[in-house]
Amino acid sequence: MSNQKYHIEIPTEVAKKIKLKPNEKLDLKIENNAILLEKQINADSIGWDVSYWWSVIPAVIMSVIFFVYFMLQKTRTIKFTGSYSIATATIVLGLISGLILFSIFFIKARNQSVNSIYRNLYWRNFPTIIVSFTAILLFSLLGIFWVLGRVFMGVSFGIYTATLLFLIFQMIINTVMILLAENITPTMLVDVLVITIFGGVMISMLSNSNLQWWKHNISFLGTNKAVDSWQFNLTFIFAALLMMALVDYLFVSIKPLKRPLLQTQILRFLLTILAINAMCVGLISNNRQIPWMHLWHDICAWSMALDVIILIGGIRWLWPGISKNFLRISDTLGILIVFASVLFKGVHYFSLTAYEIFASALAFSWIMMLFQYLLKQINRGTHEFVVEVKQD
């Protein structure tokens, strides 16, 4: 038995898709009782060494700019955070290098990859993805230095130590942006969407804790009365951009599944409208001093809620054959949203803030669950093949 060997016949369609050559060796991995076959990567081709130098060299260049600037300003002690600080320089120069490197490696992966994930991320998505990931980098840096600014309040460093710290931050930023560009997947877009919304809203809540924002409503975080209201508003704008790119990818990839055209187009329309309304919520602040802004902010916010209700209620028709497990969870979340609405409007048990948090969390969870379900359907329909194991 120990000398027995087995072989797997790979479908011709798969061989063509991954450009497999006769007698070419594949790497076999076993993970969670599953067999993974991967093409071997040539160590001399693009790999960690190249990516490493791509992250180091721009970091060194930016560090030289950092050092020369403060030398010309005759500044020998540099603050860690605040104006003209390590944090400010890292955010500004890090965004520039991160944007450039992410764009280069994303284009490279898009052009060279045989993976349908990259092929279905069309060039019309390129500006959206670039802007979204650059914005997320900005958000992340602002959040990190906001925390560090409170941990190391008032700390300053000599110019040589400051330059070394700046170099380290730059190398981390460059490496992360390269890795994101090289390994971007639809699942990653969903994860980034979750992080963007959760992180942005949490930072806004923390920034406005002293103002007791919960006595008003969530939209207060985006008004001119809030501290750093732009963070809350940008959260919705960037989340909307990511959702648009994700929806575009999903429904391009769904085409081979040959789903009913009318229902599929209506589902795509509803998800796109949801993203547009989210963007409008970010663009139009809920400033009661300006009546038209307050009016349209409320219209867009309630349109989002109506859109989600239509999606939850109509998903059986919009996606015929959807799993019973998904429907059970969907019905449960829908009932909870209706129950929360009764507690808010009917018996006035929920405050406006409590209702918004509860209903928004349920609706957002359902949307993310839908995206994950659609991704699984795409993978099952376009990336799963039947193979036969034969004994030699």
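Residues under 20% relative accessible area are called buried, those over 50% exposed, and those in between partly exposed. Keep that scale at hand for the exercises below, which work through a predicted model.

**Exercise 1. Sort Arg316 and its salt-bridge partner by exposure, and place the pair in the chain.**

Step 1. Arg316 has a relative accessible area of 42%, so Arg316 is partly exposed.
Step 2. Its side chain meets that of Asp331 in a salt bridge, at 2.7 Å from N to O.
Step 3. Arg316 sits in helix α10 (residues 291-318) and Asp331 in helix α11 (residues 324-346), so the bridge ties together parts that are 15 residues apart in sequence.
Step 4. Asp331 has a relative accessible area of 29% and is therefore partly exposed.

**Exercise 2. Find the salt bridge that involves Asp248, and decide whether Asp248 is buried or exposed.**

Step 1. The count of salt bridges comes to two.
Step 2. In one of them, the side chains of Asp248 and Arg268 meet at 2.7 Å, N to O.
Step 3. This pair links distant parts of the chain, with Asp248 in helix α8 and Arg268 in helix α9, 20 residues apart.
Step 4. The relative accessibility of Asp248 is 8%, so Asp248 counts as buried.

**Exercise 3. Check the length of helix α9 against what its residue number predicts, then list its buried residues.**

Step 1. Helix α9 covers residues 261-283, which makes 23 residues.
Step 2. The expected span is 1.5 Å times one less than the number of residues.
Step 3. For α9 that gives 33 Å, and the end C-alpha atoms are 33 Å apart, so the two agree.
Step 4. Buried residues of α9 include Leu267, Leu270, Leu271 and Leu274. Polar side chains are on the list too, among them Gln263, Thr264 and Asn277.

**Exercise 4. Describe the nonpolar cores, and follow Trp366 to its neighbours.**

Step 1. The largest nonpolar core has 84 residues, and those with the most contacts inside it are Phe133, Ile315, Trp366 and Phe371.
Step 2. Helix α8 (residues 229-253) gives the most to this core, with 13 residues.
Step 3. Leaving aside residues up to four places away in sequence, Trp366 touches Leu311, Ile312, Ile315, Phe326, Ser330 and Leu333.
Step 4. There is also a second, separate core of six residues, including Ala340, Phe344, Tyr355 and Ala359.

**Exercise 5. Which two residues other than glycine have positive phi values near 55 and 50 degrees, and where do they lie?**

Step 1. Lys74 has phi near 55 degrees and is found in the loop between α2 (48-72) and β4 (77-79).
Step 2. With 71% relative accessibility, Lys74 counts as exposed.
Step 3. Tyr84 has phi near 50 degrees and is found in the loop between β4 and α3 (86-112).
Step 4. With 61% relative accessibility, Tyr84 counts as exposed.

**Exercise 6. Characterise the second largest pocket and name the helix that gives the most to its lining.**

Step 1. This pocket has a volume of about 1,200 Å³.
Step 2. It is lined by 43 residues, of which Phe236, Met304, Glu356, Ala359 and Ser360 are the closest to its centre.
Step 3. Elements giving two or more residues to the lining are α7 (186-207), α8, α9, α10, α11 and α12 (352-382).
Step 4. The answer is α12, which gives the most to the lining with 11 residues.

Note on methods
Residues numbered from 1 in each chain as written. Predicted model: local features only at pLDDT ≥ 70, side-chain atom pairs only at ≥ 80, totals over all residues. Heavy atoms only, no water. Core = buried A, V, L, I, M, F, W, Y, C linked by side-chain atoms within 4.5 Å. Buried < 20%, exposed > 50% of the residue type's maximum accessible area, 1.4 Å probe, protein only. Helix = DSSP H or I, 4+ residues; strand = E, 2+ residues; numbered from the N terminus. Contact = heavy atoms within 4.5 Å. Salt bridge = Lys/Arg side-chain N within 4 Å of Asp/Glu carboxyl O. 1 Å grid on protein atoms, 1.4 Å probe; cavity = no way out; pocket = protein on both sides within 12 Å on 5 of 7 lines; lining within 4 Å. Points joined across faces, edges and corners; volume = space filled by probe spheres on them.
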